[in-house]
Amino acid sequence: MKLPIIRAQAIEILKSQNPEEFDLIHYLMSEAVMKEVALKMGEDPEYFGMLGLLHDVDWTLTKSDVKTHLTKAPEILKEAGFDEEFIQIVLSHGYGFKELPELKDKVRTKKIEWALAASETLTGLIYAYALMRGKKVSDMEVKGLKKKFKDKAFAAGCDREIIKEIEKAGLTIDELFGCAIEGVKKIKDEIGLE
Ligand SMILES: [Fe+2]
C-alpha cells in the first residue's frame, strides 16, 4: 500500500485551507491513534496514519453545509495522487451518517474501515477527557477513559457504537483505548496537552 505523498505534504494540504485549531488537533490525534492501531493490528502505520490525518480532508471546506461533507474529498485526494482504494476508505468513515445523503445507507465492511471510524470517533472522547483532567494525558489510564466511555452524557457527541466497531477489526475496546492513549501521549506537546 504505497502513499503518493509524504506526511509534510498532507499537512500542507490541510493547512492551506486555514483549518480551525480544534479541527487540526482532531486530524493529528486521528493520525496518532491510527498509527498505534496499525501496529497493534500488524498493519502499516504510515498508511493508517495517513488515513487518520486526511480522513476529513474537506471538512474545513464543507463544515458550513454539513451535508456536503466528503463530497469534495475524492477530488482533493485524487489530485494529490491517492488511489481509489484510499479514497473509498476515507469515504467509509461517513457511512451511516443521516446528514450525508450519498453515504447514509452504506455500511463498513473492512477492518481498515472499522479501525478508522472507531479511531477518529474516539479522539473526541479522549480530548474532552484530557481537558477535564486539566489537559493532562501523561498519566491517563485505560480505566479512566473507559469510565468516560460508559458515561453516555460525557462528550455525548462521540458515538459509542462507532467506537465499538473496533471489535470488528479484531481489537478489544481496551486495546483500542490503550493504543489511543499511547498515540495521544506521543503528540501531546504538539496539540497543547500535557
Ligand atoms: Fe473526523
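Here are a few questions and answers on how some labels in this model are earned.

This is a predicted model, where local features need pLDDT of at least 70, side-chain atom pairs count only at pLDDT 80 or more, and totals for chains, interfaces and linings use all residues. Residues are numbered from 1 along each chain as its sequence is written.

Q: Why are α2 and α3 called roughly antiparallel to each other?
A: Angles over 145 degrees between N-to-C directions count as roughly antiparallel. The axes of α2 (residues 21-41) and α3 (residues 45-54) cross at roughly 155° and come within 7 Å, so the pair is roughly antiparallel.

Q: What makes the contact of α2 with α3, by class?
A: Contact here means C-beta atoms, placed from the backbone, within 7 Å. On the α2 side that brings in Y27, S30, E31, V33, M34, K35, V37, A38 and L39, and on the α3 side P45, F48, G49, L51, G52 and L53. By class that's 10 nonpolar, three polar and two charged residues, with Gly counted as polar.

Q: How do you know whether α3 is mostly covered or not?
A: A residue is buried if 20 or more other C-beta atoms lie within 10 Å of its own, exposed if 12 or fewer, and partly exposed in between. Seven of the 10 residues of α3 are buried, so the helix is mostly covered. Those are F48, G49, M50, L51, G52, L53 and L54, and they pack against α1, α2, α5, α6 and α7.

Q: Why is T172 called exposed rather than buried?
A: T172 has 10 other C-beta atoms within 10 Å, so it's exposed. T172 sits in the loop between α9 and α10.

Methods
Axes fitted to C-alpha atoms, helices over the stretch in contact; angles between N-to-C directions. Helix = DSSP H or I, 4+ residues; strand = E, 2+ residues; numbered from the N terminus. Parallel < 35°, antiparallel > 145°, perpendicular 65-115°, else oblique. Contact = placed C-beta atoms within 7 Å.
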